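Biologist: I am new to this structure and would like a close look at a single part of it, with the reasoning spelled out. Could you take one helix and explain how it sits in the protein?

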Amino acid sequence: MIVLLLQSDYILRDRKRIKSKFGADAHFSRIGGEDFAVLANVNDREVGSDQAEVIRAAIEKMMPVVASRTLQVSASIGVAFVTDDTRSAQSAVNKALECCVRASEESKGKGNAVYVHSPMDDVEAGSSEAVALVLRDALEKGALGLQYQAIMNLEDDSNHFFEV
């Protein structure tokens, strides 16, 4: 599951089009102020990122007329995933909100940015958990290669070892 957090009041009018980008089982709701959430069944980080980018681009194209002036709407989108480790719905929304704030910061407050939560965001750099996450990610992507070097005792030909 994916939780996207969108910040823009104008998008409420266009929620059907936004919801259609995620399929019929997606849920769209206002969670407070100018914050909206889309709860959709997405299991792949890249698919979630791509869908968020499609929504961001659609919002960027919105040009509402207010008081005879055309305004450009922008959105900062935070993407967080509901996993087995997610403790509650509120923690998933909080993670998405943190990503939304990070997207806004990366765009220097101008909007039109997407930030996708990474498990590395939650762990201290260099910790054993961070190393485990990097290794797991590398294994899933097939990014590791096996290299070895023979270690030989030149005096005694009977013991050979390999360093991997």
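Modeller: Let me take helix H4, whose 14 residues should span 20 Å at 1.5 Å a residue; the end C-alpha atoms of H4 are 20 Å apart, which agrees with that expectation. Please keep in mind throughout that this is a predicted model. The residues of H4 that are buried are Ala130, Leu133 and Ala138. Seen down the axis of H4, these buried residues fall within an arc of 130°, so they line one face of the helix. The general background to such a pattern is that an α-helix has 3.6 residues a turn, so residues three or four places apart point the same way. On the other side of H4, Ser128, Leu139 and Glu140 are exposed.

Helix H4 covers residues 128-141, and Val131 is among the residues that lie in this stretch. Val131 has a relative accessible area of 44%, and because buried means under 20% and exposed means over 50%, this residue counts as partly exposed. Together with Leu135, Leu139 and Leu144, Val131 makes a nonpolar surface patch of about 380 Å². Leu139 thus appears in two descriptions, as a member of that patch and as one of the exposed residues on the other side of H4 from its buried face. After the helix comes Gly142, whose phi is positive, near 70°.

To place H4 in its setting, it helps to step back to the whole chain. The protein has four helices and nine strands, and from the N terminus on its elements run β-α-β-β-α-β-β-β-α-β-α-β-β. Of the 164 residues in the protein, 31% are buried. The protein exposes about 11,100 Å², and carbon and sulfur atoms supply 50% of that area. Among contacts with a separation of 6 or more, 55% are between residues 24 or more positions apart.

Helix H3, which takes in residues 89-106, can be read in the manner used for H4: its 18 residues should span 26 Å at 1.5 Å a residue, and its end C-alpha atoms are 26 Å apart, in agreement. The buried residues of H3 are Ala92, Ala96, Cys99, Cys100 and Ala103. Viewed down the axis of H3, they fall within an arc of 105°, so they line one face of the helix. Glu98 and Glu105 are exposed on the other side of H3. Asn94 is also found in helix H3, and with a relative accessibility of 33% this residue counts as partly exposed. The C-alpha atom of Asn94 is separated by 8.9 Å from that of Ala80, a residue 14 residues apart from Asn94 along the chain. Just after H3, Lys108 takes a positive phi of about 55°.

A residue from helix H2 completes the picture. Arg56 is found in H2, which comprises residues 45-61. With a relative accessible area of 11%, Arg56 is buried, because the cut-off for that label is under 20%. Leaving aside residues up to four places away in sequence, Arg56 touches Ala75, Ile77, Asn112, Ala113 and Val114.

To return to the part you asked about, H4 has one face lined by its buried residues, with Ser128, Leu139 and Glu140 exposed on the other side, while Val131 and Leu139 are among the residues that make the nonpolar surface patch.

Conventions:
Residues numbered from 1 in each chain as written. Predicted model: local features only at pLDDT ≥ 70, side-chain atom pairs only at ≥ 80, totals over all residues. Heavy atoms only, no water. Helix = DSSP H or I, 4+ residues; strand = E, 2+ residues; numbered from the N terminus. Buried < 20%, exposed > 50% of the residue type's maximum accessible area, 1.4 Å probe, protein only. Contact = heavy atoms within 4.5 Å. Expected span 1.5 Å × (residues − 1). Arc of directions from axis to C-beta. Patch = residues over 30% accessible without salt bridge, like charges linked within 9 Å, V, L, I, M, F, W, Y side chains within 5 Å. Areas by Shrake-Rupley, 256 points an atom, 1.4 Å probe, with all protein chains shown as cover. Salt bridge = Lys/Arg side-chain N within 4 Å of Asp/Glu carboxyl O.
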